[in-house]
Amino acid sequence: MRESVPHLHVSSGFSARYGASHPQDLVARASERGIGALALTDRDMVTGTVRFAKAATAAGVKPLFGVDLGIAPHVPPAEDRRRTPVRGGAHVAEAPFRATLLAQDATGWARLCRLVSCAHAEAFAAGAPPAASWEMLGRYAGEGLVVLLGPASEPLRALAGGRPDIAEQLLAPWRQAVGGGLRLEIVCWDLSGTGPGSVRLAAHTLALADRLGIPAVLTNAVRYADRSQHRVAARAHPKLPTVERLISIGALDQLRGEASRRDLLLQATELHRQARTRPTAGQLPLATTPLAAGASGLREMTARERLDAELGVLKIDVSRHLMEDHHRLLREIGATDAKHLRAMHPGQRVLVAGVRASTQTPPIASGKRIIFVTLEDGSGLVDLAFFEDSHERCAHTVFHHGLLLVRGTVEARGPRRTVVGEMAWDLDQLATARATYGPQAVLDLLGQAPSPTPAQPAPVPGRTIPDGTAGARLHPWSDLQPAGTRSADLTRFGHRSPGSPG
């Protein structure tokens, strides 16, 4: 926002993930630069309009009202594909194409508000992102509205893909629906290639506008009032706990250079202390100070500690699967994974393990209580059923632990295999026993007969711990762990039906 020309495509902090500045900050910067008119075009909403209008009026800047709205494709795709999130993860649904609409007068503002409301109403009913259909555009677009088709619009997407003929065909219905209010938006950020903001796409857009006689508008797609606001700290003014969570899950790894995540945690604490003693210093300067500080020698977080942080903050295992830590143990005790369970014959006794994904206790016509459990082991899902004769042994473990090992009998239920559970163990407890006393301790807990395994011998009395790699003998209590649990608390994860206790 350096020149004294009106900016017609501006997003504020009300555009989640796309704008960084409050409308008042945008107006203040426009006033400083001598900009006489400024538009506010937040994504899919007009929530910040009142604050923007009040600030603009007070600053002597002419406010222009608009919206950056999702637009349905002119030719709907043959198949609507949605990316399926893995293990409960979420993805952000976006409208495929976008256009910027500006109100010229009160009539245009009324049409704009009705168009946005209809788009949200239809999206809410369909469970989809807001997008104006062509029926809505035909009903509301026209008198009092100016439409800017930028790099995110369907015609300019085709132009960026090297198909000016398709772009011309896609512009025809826009010219029919909007009429003289249609404009082609040129955004040039001096980028290479043919994508949004590239010099080449800007030149091709201008040539297309000249060829078709459509007026072109140069915008900058403004996202913030100051360049510094593209940084995490300036956008969010994060508190120390927020910064610590971001560091622990690796969201700020690009800032750490040669330092470890523990170094970043230490530096964030120091920055927080300095910010408290010197309030005028502003927010935490995350983009510079951690790199300047360098590594302090703290060891990097282990893979298990990273996984625990992901589970604690994101509630999902991102870097690796929870069960990877237990593959060796499961091989030693002969457990079967979901992938190979399909080949098991009905009546076979098996051991299965996994993360508890769901528990259900639906009402049964006989009045008996059956616990249905689904485990996820990284290769698929395992369906379990615990009948009343096993509840005394299994129910508490099933409802109070997130990682389970279950012994049961295979039964055929259509093409799938279901395991009728007879006994359940906390897999974390078995892993702890193995790490402390060796594989034989796990077999003793399971009540199995000894079998040939790559097990280490049981510890000798006196807790003398042999170090097999160096041939030395460690201190008797060198394997003690810090206070707290050895793994993340998984009891709150997974779906539970309303009838499930715990």
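This briefing covers the salt bridges of the structure and one nonpolar patch on its surface. The model is predicted. The count of salt bridges comes to 14. Three of these pairs are described below, followed by the patch formed by Val313, Leu314 and Val318.

**Salt bridges around Asp68**

- Arg43 and Asp68 form a salt bridge, with their closest N and O atoms 3.8 Å apart.
- Arg43 belongs to strand S1 (residues 37–43) and Asp68 to strand S2 (residues 62–71), so this pair ties together parts of the chain that are 25 residues apart in sequence.
- Arg43 and Asp68 are both buried.
- Asp68 also forms a salt bridge with Arg98, and here the closest N and O atoms are 3.1 Å apart.
- This second pair links distant parts of the chain, since Asp68 is in strand S2 while Arg98 is in strand S3 (residues 97–103), 30 residues apart.
- Asp68 has a relative accessible area of 3%, and buried means under 20%, so Asp68 counts as buried.
- Arg98 is buried as well, because its relative accessible area is 8%.

**A salt bridge between strands S8 and S12**

- The side chains of Arg349 and Glu422 meet in a salt bridge, at 2.7 Å from N to O.
- Glu422 lies in strand S12 (residues 416–426) and Arg349 in strand S8 (residues 349–360), so the pair ties together parts that are 73 residues apart in sequence.
- Glu422 counts as partly exposed because its relative accessibility is 23%, a value between the cut-offs of 20% for buried and 50% for exposed.
- Arg349 has a relative accessible area of 53% and is therefore exposed.

**A network of shared partners**

- Arg43, Asp44, Asp68 and Arg98 are joined into one network by salt bridges that share partners.
- Asp68 is one such shared partner, as it pairs with Arg43 and with Arg98.

**The nonpolar surface patch**

- Val313, Leu314 and Val318 form a nonpolar patch on the surface.
- Together, these residues have about 220 Å² of accessible area.
- Val318 sits in the loop between helix H12 (303–313) and helix H13 (327–333).
- Val318 counts as exposed because its relative accessibility is 54%, and exposed means over 50%.

Terms used
Residues numbered from 1 in each chain as written. Predicted model: local features only at pLDDT ≥ 70, side-chain atom pairs only at ≥ 80, totals over all residues. Heavy atoms only, no water. Patch = residues over 30% accessible without salt bridge, like charges linked within 9 Å, V, L, I, M, F, W, Y side chains within 5 Å. Areas by Shrake-Rupley, 256 points an atom, 1.4 Å probe, with all protein chains shown as cover. Salt bridge = Lys/Arg side-chain N within 4 Å of Asp/Glu carboxyl O. Helix = DSSP H or I, 4+ residues; strand = E, 2+ residues; numbered from the N terminus. Buried < 20%, exposed > 50% of the residue type's maximum accessible area, 1.4 Å probe, protein only.
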